[in-house]
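Biologist: Could you take me on a close look at a single part of this structure, please? I would love to hear about one helix, its aromatic contacts and its surroundings.

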Amino acid sequence: MSKPAADNYQRYRLADALAARQAQLIQAWEKLGQYGPTGGASESGPAALARDRYLHPLARALVGALSGAPDHAALYFDERLRYADRATSRAALSTSLSQNMAIEFAAIAELVADVFPADRVRQDLWDFHAPLLAPPEPASKVLFIGDCLFVETRAFLIHHGAQSGHPVDVRHVFFGARPPAAAVNTAIVNEVTRYQPDLIGLSLFTFAGVPPYASAWRRAALPLVGWRAAAAVDGLVGIVSETIADIRTVSDRTIALHVPCGVPLDGARRRLTALPAHSRGQRRLLTALSRWLTELADATENVLLVSEAVVAAGLGGVRAAAAHAFADDDVPPGYAHTTALGPALAVHYRDILRDYQILGRAKALLVDFDNTLWQGVMAEGAVGHDTTGQELLRELKNAGVLLVALSKNDERSIRWDEMVLSADDFVLAKINWRPKPENVAAAIAELDLGADAFVLLDDNPAERALVTGMIPGVAALDPADPGTWRALRRWLAFPSTGRTEEARRRTQMYREAAGRRAELSEPLDYATVMKSLALRYQVRPATEADLPRMMALIERTSQFNTTTLRHTVAEVRALLDSAASRLFVASLRDRFGRLGIVAMAVFDQAERRFDSVIMSCRAMGFGLEFALLRAVMDAAGPGPFLGRFIPTDRNGPAAGLFEQAGFHPEGDGADGGWVLPARSVGPLPPPWLTRE
């Protein structure tokens, strides 16, 4: 027997022994007090309540987990943290748990000493609890905002992440009945700011934790003549809208907005299966909520709908979704017994996170043609076009995704007049017979993006393997997989896409940039080449109208960013209104077209200090940063001037800004301070730049 098989067999035997000694196990946990599962926490309540509602279910979950049941393991590991301080650091929590479990494992070993050697039991328990005691660094961070639904979703999502090799860290802010909405939203904003999640789940109308929804749900259950669901929905959608607006003051991350399906069921309808799951009024309420929440999501940037009804349908309907996930004689109900909906939603969130890991920061889609955008080979005759897929790619292009045509074909064989997409929708066309990795490498160089900004859409598994194997960082998707098109649809709600004018013009801007790089590839003198671009710039004080573009620069620029401080919308507005600080923006254009606002500076007028200088990567290499410094200094008056630089692992391109501009390190330079004396000349715009 192999060692893994032997270990599993040992755990199965230990599970059987503990199942036979369940009452003694619970008594042992109780005797441990502060060293046991409750940690002696007052929140666990009286001993009898803690025993029936926590320790008894926990014992059954442990037995199932040791027996190899993944759902039992997910529940068990999450429940072990119920009375732990989840706000503490990972290291401190691990240390505390390890100290307590050393005592607990010794007690369990003594409990089964007549069956197993004590040392072996303790080692098996240490090995089994390793994911809890030494969790891996998370690949993704999720913040759930809502009621008890997310307690059960959280447990299974964390388990799925661990099993898939993409660990997930989850935080949960309860949107409950007691605090006023304003206080709840303050807590939400504070947690979003502190935690900086990759994904935010928002479910306010699932388990009736929000009083206005609970009231509307109860009224809808009654045969009220003339009661209108739409009137109740207005206020409910207002709560959601206000919560999203508050989140948007500090984060542009994707919000997964839940549309409720009506669980849990009312008492009578839960017991009497002959009755419909919902009353007529409840169905009208759910329909109205679905319609209005969908419209809210459509009108709001980076909001992704999660239809609980669709998830419930996959389980067999709302009754199946509302049923307990575990049999009562297996894991009896605890404080909040898990419904089947929670584990199913965890799978849904796992898929969203998988898509986010591939597409959340991507900028370009490499698109194969034959058997990808259509069925068949166009050079050989008629083909069946996937118009829905092509329309989705055009939506992505209008949202700022760069489409690159990547097809082994004769360019003359492509019949553009048959397609939804046009040649102008593609920033580059690599339609030839060269190896695809060669074409992908050329596209990466021409667009001047990292390999991890590209995703390949290709029906040929050999081509996908060849590209991803030879060019690390490029991800690949199979168009024959329905999940691919769901992922591409979700991309429209990820922060790497947008509905701004800049996003719509991104293909043209990158096409112009590729033209510039082609010009710059000529073997000419650098200054001569730069002058040939007819570069013109403008520097001016920022206004409220510049706020969206400034926020995009602040939140998305990591390379040429002297501090990488991520100011919130409220903080930037405060800087705009401040007499002590000034904000400047710089725009650039050349003979190929306009690049728009590509740089900004945050200048402390009182201290005469550049607190941040931020520039888009597409403007690097033109010397605009020195023109921006010069313009700000001229507007501020005589020096001296100070500069601030905070090094990170990504902002190396900005490291030499102040030194190249004539500043000197302040003191020993250890704190990132730079100074330009009063009578120093300072930076000058390069000769190829003309100010407008």
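Modeller: Happily; what follows is a walk around helix H8, with a few aromatic contacts from elsewhere for company. Please keep in mind that this is a predicted model.

Let's begin with the helix itself. H8 has 16 residues, which at 1.5 Å a residue should span 22 Å, and the C-alpha atoms at its ends lie 23 Å apart, so the two agree. Many of its side chains are worth a look: the buried residues of H8 are Leu149, Phe150, Glu152, Thr153, Arg154, Ala155, Phe156, Leu157, His159 and Gly161. Just past the end of H8 comes glycine 165, with a positive phi of about 85°.

Now for a neighbour. Helix H4, residues 70-79, has an axis that comes within 8 Å of the axis of H8, and the two cross at roughly 115°. H4 therefore counts as roughly perpendicular to H8. The crossing of H4 past H8 is right-handed.

Next, the aromatic side of the story. The structure holds 19 aromatic pairs. One of them joins phenylalanine 150 to tyrosine 349 edge-to-face, with 6.4 Å from centre to centre and 75° between the planes. This pair links distant parts of the chain, since phenylalanine 150 belongs to H8 (residues 149-164) and tyrosine 349 to helix H16 (residues 341-359), 199 residues apart. Both phenylalanine 150 and tyrosine 349 are buried.

For another geometry, try phenylalanine 205 and tyrosine 213: their ring centres are 5.2 Å apart and their planes meet at 35°, so this pair is tilted. Phenylalanine 205 has a relative accessible area of 2%, so it is buried, the cut-off being under 20%. Tyrosine 213 is buried too, at 2% relative accessibility.

Two further aromatic features deserve a stop. Lysine 141 lies over the face of tyrosine 195, at 5.0 Å from the ring centre. Phe603, Phe610, Phe641, Phe658 and Phe663 together make one aromatic cluster.

Finally, let's step back from H8 to another buried residue. Leucine 588 sits in strand S14, residues 581-590, and it is buried at 2% relative accessibility. Phenylalanine 156 is among the buried residues of H8, yet its C-alpha atom and that of leucine 588 are separated by 50 Å, with their positions 432 residues apart along the chain.

Conventions
Residues are numbered from 1 along each chain as its sequence is written. This is a predicted model: local features need pLDDT of at least 70, side-chain atom pairs count only at pLDDT 80 or more; totals for chains, interfaces and linings use all residues. Side-chain values use heavy atoms; hydrogens and water are left out. Rings of Phe, Tyr and Trp (its six-membered ring) pair if their centres lie within 6.5 Å; planes under 30 degrees apart count as stacked, over 60 as edge-to-face and the rest as tilted. Helices (H or I, at least four residues) and strands (E, at least two) are DSSP runs, numbered from the N terminus. Buried means under 20% relative accessible area, exposed over 50%, partly exposed in between (1.4 Å probe, protein chains only). A charge sits over a ring if NZ of Lys or CZ of Arg is within 6 Å of the ring centre and within 35 degrees of the ring normal. The expected span of a helix is 1.5 Å times one less than its number of residues. Axes are lines fitted to C-alpha atoms, for helices over the stretch in contact, and angles run from 0 to 180 degrees between N-to-C directions. Angles under 35 degrees count as roughly parallel, over 145 as roughly antiparallel, 65 to 115 as roughly perpendicular and the rest as oblique. A crossing is left-handed if the near helix is turned anticlockwise from the far one by less than a right angle, and right-handed if clockwise.
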